[in-house]
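Please look over this model before we discuss it. My comments are below, in numbered points.

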Amino acid sequence: MNNYSLAERINSEVNASVTYKADLEQYSTPEFWVEAGMFGDCEDYALLKRQVLLKSGFSAKDLHLALCWVETGEYHCVLLCNTSKGWFILDNRYAWPMTPKSLPYKWDKALREDGKWYELRF
């Protein structure tokens with residue numbers, strides 16, 4: 001089964017359906033992690049993608065929330081997704097899945113399905 005195509009489609013659909021809005025503007029708090037509705041910030045996009053992929057048959061062990069620093073120094077959250085073509089990043093900043101090494105990010109940590117954080121190295 002080519003679940004890469006499914007991950008690619010869901011990444012694109014979620015990115016197109018959500019408008020970026022910071023938690024502070026939306027919830028009057030610096031951080032509020034919730035699946036994105038009409039609006040959301042980076043972790044909200046990642047949580048929604050995770051939820052949709054789980055409902056589409058992906059295993060929780062193949063979907064990790066990943067944290068990194070982007071080029072501007074801002075902290076960022078993406079979804080690390082294990083597909084039929086390997087591990088890819090589903091990011092609200094990119095329309096298609098990206099390999100972790102192709103991104104200009106400094107990786108920090110990721111959250112496994114068991115609720116434990118681990119250091120990311122690519």
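The points below cover the pocket, the salt bridges, the nonpolar cores and a few single residues.

1. **Status of the model.** This is a predicted model. Please read each value below as computed from that model.

2. **The largest pocket.** Its volume is about 350 Å³. The lining of this pocket counts 17 residues. Tyr20, Asp41, Cys42, Tyr75 and His76 are the ones that lie nearest the centre. If you want to find the pocket on screen, start from those five residues.

3. **What lines the pocket.** Two elements, helix 3 (42-55) and strand 4 (75-83), each supply at least two lining residues. Strand 4 gives the most, with 3 residues. By class, the lining has 9 nonpolar, 6 charged and 2 polar residues.

4. **Salt bridges.** The structure holds 5 of them. Side chains of opposite charge can pair when their charged atoms come close. Three pairs are taken up in the next points, beginning with Glu13 and Arg9.

5. **Glu13 and Arg9.** The closest N and O atoms of this salt bridge are 3.3 Å apart. How far apart are Glu13 and Arg9 in helix 1? They are 4 residues apart in helix 1 (residues 3-17), so about one helical turn separates them. Glu13 is partly exposed, at 43% relative accessibility. Arg9 is partly exposed too, with a relative accessible area of 45%.

6. **Lys61 and Asp62.** These side chains form a salt bridge, at 3.6 Å from N to O. Is Asp62 buried or exposed? Asp62 counts as buried, because its relative accessibility is 14% and the cut-off for buried is under 20%. Its partner Lys61 is partly exposed, with a relative accessible area of 48%.

7. **Asp114 and Arg112.** Here the N to O distance in the salt bridge is 2.9 Å. Asp114 counts as partly exposed at 42% relative accessibility. Arg112 is partly exposed as well, at 31% relative accessible area.

8. **The largest nonpolar core.** In soluble globular proteins, nonpolar side chains tend to be buried together. The largest nonpolar core in this model has 20 residues. Leu53, Phe58, Leu79 and Cys81 touch the most other members. Helix 1, helix 3, strand 3 (63-69) and strand 4 each give two or more residues to this core. Helix 3 provides the largest share, 6 residues. Apart from this core lies another, of 13 residues, including Cys68, Val78, Leu103 and Leu120.

9. **Cys81.** Which residues does Cys81 contact, leaving aside its neighbours within four places in sequence? They are Ala7, Leu53, Phe58, Asp62, Leu63, Gly86, Trp87, Phe88 and Leu90. Asp62 is on that list, and Asp62 is also the salt-bridge partner of Lys61.

10. **Leu67.** This residue lies in strand 3. Leu67 is buried, with a relative accessible area of 6%. Leaving aside neighbours within four places in sequence, Leu67 is in contact with Trp33, Tyr75, His76, Cys77, Trp107, Asp108, Lys109, Trp117 and Leu120. Among these contacts are Tyr75 and His76, two of the residues that lie nearest the centre of the largest pocket. From Leu67 to Asp23 the C-alpha distance is 17 Å, with their positions 44 residues apart in sequence.

11. **Lys109.** This residue is in strand 6. Lys109 is partly exposed, at 30% relative accessible area. Not counting residues up to four places away in sequence, Lys109 touches Leu65, Ala66, Leu67, Tyr75, Trp117, Tyr118, Glu119 and Leu120. Lys109 and Ala66 are 43 residues apart in sequence, yet their C-alpha atoms are 5.9 Å apart.

12. **Two loop residues.** Ser102 is in the loop between strand 5 (86-90) and strand 6 (106-111). Ser102 is partly exposed, with a relative accessible area of 41%. Ser102 and Ile89 are 9.7 Å apart, C-alpha to C-alpha, and 13 residues apart in sequence. Ser28 sits in the loop between helix 2 (23-27) and strand 2 (39-40). Its relative accessible area is 64%, so Ser28 is exposed. Most residues other than glycine have a negative phi. Ser28 has a positive phi, near 60°. Please check the backbone at Ser28 on screen.

Definitions and conventions: Residues numbered from 1 in each chain as written. Predicted model: local features only at pLDDT ≥ 70, side-chain atom pairs only at ≥ 80, totals over all residues. Heavy atoms only, no water. 1 Å grid on protein atoms, 1.4 Å probe; cavity = no way out; pocket = protein on both sides within 12 Å on 5 of 7 lines; lining within 4 Å. Points joined across faces, edges and corners; volume = space filled by probe spheres on them. Nonpolar A, V, L, I, M, F, W, Y, C, P; charged D, E, K, R; others polar. Salt bridge = Lys/Arg side-chain N within 4 Å of Asp/Glu carboxyl O. Buried < 20%, exposed > 50% of the residue type's maximum accessible area, 1.4 Å probe, protein only. Core = buried A, V, L, I, M, F, W, Y, C linked by side-chain atoms within 4.5 Å. Contact = heavy atoms within 4.5 Å.
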